[in-house]
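Trainee: I am new to this structure and would like to learn how to read it. Could we go through it together?

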8 protein chains.
Amino acid sequence: MDQEQLRWLFEQVQRGDVDVDAALARLRHMPFEDLGFAKVDHHRALRQGMPEVVFAKGKTPEQVAAIAERLLANGPNILITRADRNCAELVTGTLPCGEYFPLSGVIRFWRERTIRGKGRIAVVCAGTSDMPVAEEAQLTAEVMGNEVDTIHDIGVAGIHRLMSYRERLTEARVIVVCAGMEGALPSAVGGLVSCPVIAVPTSVGYGASFHGLAALLGMLNSCASNVTVVNIDNGFGAGYVASLINRP
Amino acid sequence: MDQEQLRWLFEQVQRGDVDVDAALARLRHMPFEDLGFAKVDHHRALRQGMPEVVFAKGKTPEQVAAIAERLLANGPNILITRADRNCAELVTGTLPCGEYFPLSGVIRFWRERTIRGKGRIAVVCAGTSDMPVAEEAQLTAEVMGNEVDTIHDIGVAGIHRLMSYRERLTEARVIVVCAGMEGALPSAVGGLVSCPVIAVPTSVGYGASFHGLAALLGMLNSCASNVTVVNIDNGFGAGYVASLINRP
Amino acid sequence: MDQEQLRWLFEQVQRGDVDVDAALARLRHMPFEDLGFAKVDHHRALRQGMPEVVFAKGKTPEQVAAIAERLLANGPNILITRADRNCAELVTGTLPCGEYFPLSGVIRFWRERTIRGKGRIAVVCAGTSDMPVAEEAQLTAEVMGNEVDTIHDIGVAGIHRLMSYRERLTEARVIVVCAGMEGALPSAVGGLVSCPVIAVPTSVGYGASFHGLAALLGMLNSCASNVTVVNIDNGFGAGYVASLINRP
Amino acid sequence: MDQEQLRWLFEQVQRGDVDVDAALARLRHMPFEDLGFAKVDHHRALRQGMPEVVFAKGKTPEQVAAIAERLLANGPNILITRADRNCAELVTGTLPCGEYFPLSGVIRFWRERTIRGKGRIAVVCAGTSDMPVAEEAQLTAEVMGNEVDTIHDIGVAGIHRLMSYRERLTEARVIVVCAGMEGALPSAVGGLVSCPVIAVPTSVGYGASFHGLAALLGMLNSCASNVTVVNIDNGFGAGYVASLINRP
Amino acid sequence: MDQEQLRWLFEQVQRGDVDVDAALARLRHMPFEDLGFAKVDHHRALRQGMPEVVFAKGKTPEQVAAIAERLLANGPNILITRADRNCAELVTGTLPCGEYFPLSGVIRFWRERTIRGKGRIAVVCAGTSDMPVAEEAQLTAEVMGNEVDTIHDIGVAGIHRLMSYRERLTEARVIVVCAGMEGALPSAVGGLVSCPVIAVPTSVGYGASFHGLAALLGMLNSCASNVTVVNIDNGFGAGYVASLINRP
Amino acid sequence: MDQEQLRWLFEQVQRGDVDVDAALARLRHMPFEDLGFAKVDHHRALRQGMPEVVFAKGKTPEQVAAIAERLLANGPNILITRADRNCAELVTGTLPCGEYFPLSGVIRFWRERTIRGKGRIAVVCAGTSDMPVAEEAQLTAEVMGNEVDTIHDIGVAGIHRLMSYRERLTEARVIVVCAGMEGALPSAVGGLVSCPVIAVPTSVGYGASFHGLAALLGMLNSCASNVTVVNIDNGFGAGYVASLINRP
Amino acid sequence: MDQEQLRWLFEQVQRGDVDVDAALARLRHMPFEDLGFAKVDHHRALRQGMPEVVFAKGKTPEQVAAIAERLLANGPNILITRADRNCAELVTGTLPCGEYFPLSGVIRFWRERTIRGKGRIAVVCAGTSDMPVAEEAQLTAEVMGNEVDTIHDIGVAGIHRLMSYRERLTEARVIVVCAGMEGALPSAVGGLVSCPVIAVPTSVGYGASFHGLAALLGMLNSCASNVTVVNIDNGFGAGYVASLINRP
Amino acid sequence: MDQEQLRWLFEQVQRGDVDVDAALARLRHMPFEDLGFAKVDHHRALRQGMPEVVFAKGKTPEQVAAIAERLLANGPNILITRADRNCAELVTGTLPCGEYFPLSGVIRFWRERTIRGKGRIAVVCAGTSDMPVAEEAQLTAEVMGNEVDTIHDIGVAGIHRLMSYRERLTEARVIVVCAGMEGALPSAVGGLVSCPVIAVPTSVGYGASFHGLAALLGMLNSCASNVTVVNIDNGFGAGYVASLINRP
């Protein structure tokens, strides 16, 4: 049926009933390809200007590899998140050019490396244990064409550490801040800079951190007005939105 | 002491030890004025490029008016949020040029109305009951120098309504989406556009909406990658970040 | 004692004190057989017009097999849910005609395959990871005598995918929608159709999905009026009720 | 623009490009009318076969009356839920034929009273305090063309009460069960009958009922397979879905 | 020091300053023996008329065995709960007369078997999966000198099953009811009998059962007035209190 | 229909088919009277040996008075709980012999005052603010024929206070302990005595007491084995079960 | 009985069986006076070295006044917290020397004003709305004999404000930090100083602050090791413990 | 840049612009060393007078060892918490003088053992299962220069046990109390003593203990005014603050 829609669209264009801009606009909302277990959407890049991303958790390595193969046939860059070692071995063993980052569980195919972002994206994490989430954000932002400045281990309990990075922070066009435990770092960073801050609560902590809930609530209640929040451990989402904001 | 810091800074500049750019940069992190019950921070506009905002809830009308008066002596525009009618009467009765919006409880002093935003900000709400929160976002974005396109009452249970606004949505540079109940609208909007979407859960609903918790969780778990979230009913925060993103 | 009740009932019928309809009606609420660790209820089929179902989790494979054997002696079809591989091997190794579906953990004995449903039941899932739950719903609806139309991977963030299935959806007499993360799909589907929609939150997601709580709350707060909800991951319950609704 | 869509559609029909069935089908997904603060959707009756419903809470009496007036111009029956006495006075004072039910807060315009349901809908409540929710369900089911059998005050702690209604319950084609506190009644009713049971948790109770959460969780975990659940106190939703299920 | 207290007490008795009843009463609140990692309290039997109980979880098998050995030197019966197989092997291998019940994880030393209870204690469970908790209650009540009547697998969704046990239930002097999922059985049992009912929520269930929370809340909100509740899976506590109630 | 059951039962007795004991036993599970909005159950006293209780919250004063009038026609004692002053005025103004206790909101008709309990019931509360709940328990236990010993204001932070009541506590046959905040008193009392302790969490406290949740959780986790728990603020339930336990 | 204990104790002292130190030590754990509704404990000052405190919420003004009168007869200073205006009028109208602080609801009788603390206690609050809680802490610390340094309105989003108070903070011997919303200030302060920090979450905020829960969780998860936490809005507790720490 | 700051600072001192005290004060807030994945802060000892602590969970053994090595080069004592056996083997195998405590998972380098505390710190735990947390507190307090008195297994359900330690408790200058389940011990201890009590909720328990939440809430609501709380299982934090309080 999609085929018919397409044929009809192109006939309209041919007849002059629809001009090219309108055709493109309509195309943006239409077709996708059916793999049976997942709709692979080759137009997303067109629609959102971004590479496709595969969330590996809950999928078999074979499913991930099959989806990745299709996507790589249609675009240069893809990102696979939350892949364990088994999945990574199958995917990088089957498909060329993939690189696996075990800390964050990301597999990245980064074949087209043009810098498209207007400014720099800073990715900051509060503690060593938050690094996997920060890495996911960093890899995402890079594959989407951004220069990324990563800063590790600057918690609010050591404000002097934070202050020493003030200049690098104020030079960023958007900042991703990953923090677990009390999740206070985004507020502190947000108060220092005038750009948007994307806060990523991490599940780092124990006891009353309740797997990231404490950090999440803290960030949602930030007294800094330039802070928005994504899901717990969602480094990918933060890197993605940061890239959108950083577009010229 | 702040006085001393300032004098010292200017002496350094006079002596040539510090050039003007560096002086400005350092100034960005320093002084504020003491009212006793609240530190009024006149440099925030400089530091964040934004007007000062007063959160009226939990303050007496007299406190709000006193803070507002000081702020108006230092900058053209201010926003007072969550003001009830008593507060509004005192403030707009005492200080000229203030406008009260009873739906959202905002008092706005909008004396400098230059458009600074690069594109348009769309503010969307799912139902009639979400309008107070959407209005807070809209008034914030306007006072911060943006053209705002507001779209009301397009819930996910009536996708045809949403689809009919597709073009206006895709023309926005950033979109604020306010929704209560299941909070699904940001995902649906996010899937249609390629710009950042700021989701505002509202406390609209009853029973298992748990005062906005259902919408909040829904938005944090959005399957659309371009969605970030602010606190429940935080229209101001959404309008603020949208303005930051929309800066050229 | 049940024996006595039965004898007494039949004597009453014999004496003409009770006519056949009344006897059947009363029978509907009475007997069951005692295995020691579980009351096996052979009249459930009569009482509810449905095959018996065994929830395998928390039972030993031996217990499951013993219950299944008894049930198979009294009715043609049974469903065993949440069975792991060990359980499946014992049950299908011991009892003929059983089929194991490892994705959902269902063992199905489907010896009587008459179609009894009036219309078609659609089983929809939002993402690849929701498929186990959707399969449980599908297998249940089938064994209860229904034609099932399964549609995978149509999330709200890609509304064009959903819209392309509009016709298949509107042709169903009842729809089961399985979704994790923000759980928004039932609202979107519910708004497109005029039949009942049974929403199944799944535990798919991470962080603030809280093992399906976010989806559950979202679905309970659906702004579509034709949506009811079952427990997290309860594909069986959804398929069961869908079958009841689809009875002529 | 909707006007254009419609003209274009009818022209296609006139030209024979589109036949009537297809036109109706397409119509089902399109137009609505704009009141500024709420999209009034006259096609919902066509699309879902049901009258329009207005949720009064969070709207001013004037808004409710304006929406109701428009809807009454396009269809015979409407339902307004969660209306307080002020709202009811304005609406029934302005618009003829409206009836107010203070217990549930429903205003009903029931001008077209054909019975369309195939069987009878039973509406059951566990205690006297659950009656407002049960009434909302009953009024909804009636206005949607159903014969309703209401049964009050049969809790699980008095099983003999429940058993005495067994016959009336088994004669229903679908049953709505409203219960607060431990919310156990749907399970007990569900076990007695073979039709679908729609459970409505109510906020009746205190302490660890947590405003209906205990009842909600209880119902979601029902060991009776024929139970689905709607939001806390959502009598309307239950009556609505019951009506859909009861359609021939 | 305890030695001193004792000496002083006995000297007072010798001198006639304290009579025997008073001495016993005071003794009830005093001495215990120190193992270093746990205070072993040999007077508990005297103080509460009950054998000592060891909660094995979180203790090493060696610790459990050492505590058990000491206790067995001072009293005939002890109960060890939540013991895994390793612990059971060490304890029953080291100390004679211990019996291990793997379903519930109880190790019981039952050397003194006098029946002390006035009536019979019924232990009821809703489903096969609740049997481990019910067994813990049963073993506790037995070791404390009670005749126990166990009834398995009578859930509220099959009221006829429950009704068939009505007589056995009404003959009990106190009833322990173990149920997971919606936890409705205690209400139904409570309504049938006039004796105290002790409800034990079990962690049986999935999804929105939240590891027994749904059952716990349901039981706390029971509409039957004769129901009290113990912790999730706390079969021991229920058996213990039932024994206290059953004392003549 | 109940009439028929009754006639049939008495005819059976007349014919000698059923003896008197059996007839009484069967009667225990049958009839009730219909007021339309509430099933008044006159056999509860027979069935549970206890007077009827009316929960006034959520009922109109008129409903309460009507139910009370019927109940008083059938038994000497009734208890109305959670009645506000309006309700109390109507009820005590209409019906003779009622006494209102404003602290707890109880209205008591106590016309038959025989002491039936075997021993004494102690009702203990931790602080002055817990007294309303304790009073509800006390009034309930008294009207059910028990001698009650009330002890106020003995919290765990002043153990010497608690210890000074040790003797009165050990003399009770069952103890009701009401406590808010951390809810630790039942554990401390439970450790001092060998009788059953019924713990009533109260909603006294603020902040992280979460309206009694902290106390409730504390009591459910009591390390004293003789503690069971009822709902938050459920003084009635505690007094009721204490009375059942105290029966000879 | 207490009288007897006392007589016995003094007789022992007289006989030389007990020396004075031992007598004082034993006295520390004994007597209190009975007002019927509250045990007034005059020895607390002796036992804890602190004045008595009355929590007014949940007590009638008359109860508060009666307790206060007794306490004032035995000690110079008392503190009444959470008193509304009615209560304050009765208490300060009846008893001389009381001062009411409407912001925090404290009534203070401060007749003995010796400074006993070794150093200074700093009381810090994050925002203007946190001032009531901070005032409660300040008044408590003062009445317990401490010099208090109060610092208002220094949130983490304006680190330069915080840094400007660094010296005053480092000079304190213990710091109380009151903050609502994300509750991040204690971490930031804790990282700057080496003394103990007592964090008081306040219920200031809205939406996902959940009445102080977000701040509470944040503080419990503080990455600064010198932070402990008290209940939400518990300014009194914080001031109390700060005073204990500040004792020489 | 830090180098520059330092040089500049020392030049100022050399020139006499800054005296030594001021220089030290400023130094307190500045430098740290960069390992790439963690900022190692050698000035913390200076700033807080305490050794550095490494939280091992979430770090690789190699990371832990590298951090420890650096820290040991700058100070005599360090503490590594939450280390598993693998980590301990690597660290103690690589670095001399480390001691591993498997119960609590602490690795301690205690090369400088001067007693600095003014009084004694008591560390109390309620049950045998709370010992790991108590050990963490004890080891922390010791390495920070304190004499520690540990008391195990004194729960509130055996008040006589607690009372027998009254004297040891009153002799402490600060008390750490570790308790799981209902978490009532800190209130009971707090009422006996006049020194600060630091409560540590532990995750010991099951069911409604919710991994320490019940204990945490209980402790936050303590009716003893001298109690503050740290995170669940945070023995380290409690020992740390106790040490700060115990400084002369």
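Mentor: We take one interface and then one sheet, in a predicted model.

Trainee: How many residues does each chain bring to the contact of chain A and chain B?

Mentor: Chain A gives 35 residues and chain B gives 35 residues. Between them the two chains bury about 2800 Å², with 54% of it on carbon and sulfur atoms.

Trainee: How many salt bridges and how many pairs in polar contact does the rule find across this interface?

Mentor: The rule finds zero salt bridges across the interface of chain A and chain B. For polar contact it finds seven residue pairs, both residues at pLDDT 80 or more.

Trainee: Which elements of chain A supply the side that touches chain B?

Mentor: Those that each supply at least two residues include α3 (44-48), α8 (166-170) and α9 (185-192) of chain A. The largest share, six residues, comes from α11(A). By class, this side of chain A has 16 nonpolar, twelve polar and seven charged residues.

Trainee: Now the sheet. In what order do the strands of the open sheet in chain F lie?

Mentor: The four strands run β3-β4-β6-β5 (chain F), with mixed pairing. β3 (52-55) and β5 (98-101) of chain F each have a single partner strand, so one side of each has no neighbour in the sheet. From one strand to the next, the twist averages 15°.

Trainee: How does β3(F) join β4 of chain F?

Mentor: Through four bridges, and the two strands run parallel. V54(F) has I80(F), in β4(F), as its bridge partner. Helix α4 (residues 61-72) of chain F packs on the sheet, touching β3, β4 and β6 (106-110) of chain F. The direction of this helix makes about 160° with that of β4(F).

Methods. Residues are numbered from 1 along each chain as its sequence is written. Chains are lettered from A and ligands numbered from 1 in the order in which they are written. This is a predicted model: local features need pLDDT of at least 70, side-chain atom pairs count only at pLDDT 80 or more; totals for chains, interfaces and linings use all residues. Side-chain values use heavy atoms; hydrogens and water are left out. Contact means heavy atoms within 4.5 Å. Buried area is the accessible area (1.4 Å probe) that two parts lose on being put together, summed over both. A salt bridge is a side-chain nitrogen of Lys or Arg within 4 Å of a carboxyl oxygen of Asp or Glu. A polar contact is a pair of N or O atoms within 3.5 Å; within protein, one must be able to donate a hydrogen and the other to accept it, and residues adjacent in sequence count only if both atoms are side-chain atoms. Ala, Val, Leu, Ile, Met, Phe, Trp, Tyr, Cys and Pro count as nonpolar, Asp, Glu, Lys and Arg as charged, and the others, Gly among them, as polar. Two strands pair if DSSP finds at least two bridges between them. Axes are lines fitted to C-alpha atoms, for helices over the stretch in contact, and angles run from 0 to 180 degrees between N-to-C directions.
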